[in-house]
Amino acid sequence: MLALLEFVLHLSAPSEKLIELATDYAGLSRYLPNQLKSIKIIEENNNETITEEELVFSTIIKNKIIQQTKHSKLSKTELKSEIILGPATGSTILVTFSKLNEGTDVSISANLKLSLKAKFLSPIIKKLYKTVMTGILYKMNADALQQKSGL
């Protein structure tokens with residue numbers, strides 16, 4: 001079952017800096033230190049990077065997920081990530097950075113592939129995913145602005 005999630009954030013940082021931070025795959029864990037325990041680069045070339053992530057979610061019980069993700073730079077402003085190994089295999093996330101006069105619009109379009117068991121959790125999973133992605137992007141925005149000002 002696919003759960004579609006789409007949203008747009010307006011951020012004040014320049015798109016080039018946000019893309020630079022978003023494609024620093026080895027450094028992404030600093031934006032989610034409690035959930036993204038580790039990230040290793042498995043393979044890398046000009047336009048594609050494959051990473052292996054260890055994700056930990058603490059609810060009533062602690063769940064650990066190991067997954068592999070293929071990240072592709074489709075253009076100067078468009079990134080695509082596809083989960084290629086793990087419970088969400090087949091899920092894709094498309095992130096588009098649109099330069100504005102002041103800042104950047106970041107569009108997220110995610111097709112989350114969920115098991116039939118998870119179907120009834122779809123609204124909760126989508127809300128959680130949007131919250132996590134929004135948090136990551138706001139932290140990247142703050143880092144980009146700090147680096148831009150030379151602090």
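## Close-up views of a predicted model

**View 1. Gly-135 counts as partly exposed, because its relative accessibility is 27%.** That value falls between the limits for buried, under 20%, and exposed, over 50%. Keep in mind, as you look around, that this is a predicted model. Gly-135 is part of helix α2. For a sense of distance, look for Glu-16: it is 119 residues away from Gly-135 along the chain, and the C-alpha atoms of the two are separated by 19 Å.

**View 2. Here is the whole protein, to help you find your way before going back to the details.** How many helices and strands does the protein have? There are 2 helices and 7 strands. Starting at the N terminus, you meet these elements in the order β-α-β-β-β-β-β-β-α. A box of roughly 45 × 30 × 30 Å, taken along the principal axes, is filled by the C-alpha atoms. For a compact globule of 151 residues, the expected radius of gyration is near 15 Å, and the protein agrees with this because its own value is 15 Å. Of the 151 residues, 38% count as buried. Among contacts with a separation of 6 or more, 42% are between residues 24 or more positions apart.

**View 3. Helix α1 meets helix α2 in this view.** Helix α1 covers residues 15-22 and helix α2 covers residues 122-148; their axes come within 9 Å and cross at roughly 120 degrees. Because of that angle, α1 is oblique to α2. Is the crossing of α1 and α2 left-handed or right-handed? The crossing is right-handed. From α1, the residues that make the contact are Lys-17, Leu-18, Leu-21 and Ala-22, while α2 contributes Met-140, Asn-141, Asp-143, Ala-144 and Gln-147. Sorted by class, the residues in this contact are 5 nonpolar, 2 polar and 2 charged.

**View 4. Helix α1 is largely enclosed by the rest of the structure, because 6 of its 8 residues are buried.** Which residues of α1 are buried? They are Ser-15, Lys-17, Leu-18, Ile-19, Leu-21 and Ala-22. You have already met some of these names: Lys-17, Leu-18, Leu-21 and Ala-22 also take part in the contact with α2.

**View 5. Asn-141 sits in helix α2 and counts as buried, because its relative accessibility is 9%.** Which residues does Asn-141 contact, once its neighbours within four places in sequence are left aside? The partners are Leu-11, Ser-12, Ala-13 and Leu-18. You can spot Asn-141 and Leu-18 again among the residues that join α2 to α1.

**View 6. Leu-137, also found in helix α2, counts as buried because its relative accessibility is 4%.** Leaving out neighbours within four places in sequence, Leu-137 touches Leu-9, Leu-11, Val-106 and Ile-108. Try finding Leu-28 as well: it is 109 residues from Leu-137 along the chain, yet their C-alpha atoms are separated by 11 Å.

**View 7. Lys-130 belongs to helix α2 and counts as partly exposed, because its relative accessibility is 38%.** What does Lys-130 contact, apart from neighbours within four places in sequence? Its partners are Leu-5 and Phe-7. Asn-46, which is 84 residues from Lys-130 in sequence, is 29 Å away in space, going from C-alpha to C-alpha.

**View 8. Thr-104, in strand β7, counts as buried because its relative accessibility is 0%.** Strand β7 spans residues 104-113. Look at the list of residues that Thr-104 touches, not counting those up to four places away in sequence: Leu-9, His-10, Leu-11, Ala-13, Pro-14, Ser-15, Leu-18, Phe-97 and Ser-98. Two of those names, Ser-15 and Leu-18, are buried residues of α1. Leu-4, by contrast, is 100 residues from Thr-104 in sequence and 23 Å from it in space, C-alpha to C-alpha.

Notes:
Residues are numbered from 1 along each chain as its sequence is written. This is a predicted model: local features need pLDDT of at least 70, side-chain atom pairs count only at pLDDT 80 or more; totals for chains, interfaces and linings use all residues. Side-chain values use heavy atoms; hydrogens and water are left out. Axes are lines fitted to C-alpha atoms, for helices over the stretch in contact, and angles run from 0 to 180 degrees between N-to-C directions. Helices (H or I, at least four residues) and strands (E, at least two) are DSSP runs, numbered from the N terminus. Angles under 35 degrees count as roughly parallel, over 145 as roughly antiparallel, 65 to 115 as roughly perpendicular and the rest as oblique. A crossing is left-handed if the near helix is turned anticlockwise from the far one by less than a right angle, and right-handed if clockwise. Contact means heavy atoms within 4.5 Å. Ala, Val, Leu, Ile, Met, Phe, Trp, Tyr, Cys and Pro count as nonpolar, Asp, Glu, Lys and Arg as charged, and the others, Gly among them, as polar. Buried means under 20% relative accessible area, exposed over 50%, partly exposed in between (1.4 Å probe, protein chains only). The radius of gyration is taken over C-alpha atoms; the globule rule is 2.2 Å times the number of residues to the power 0.38.
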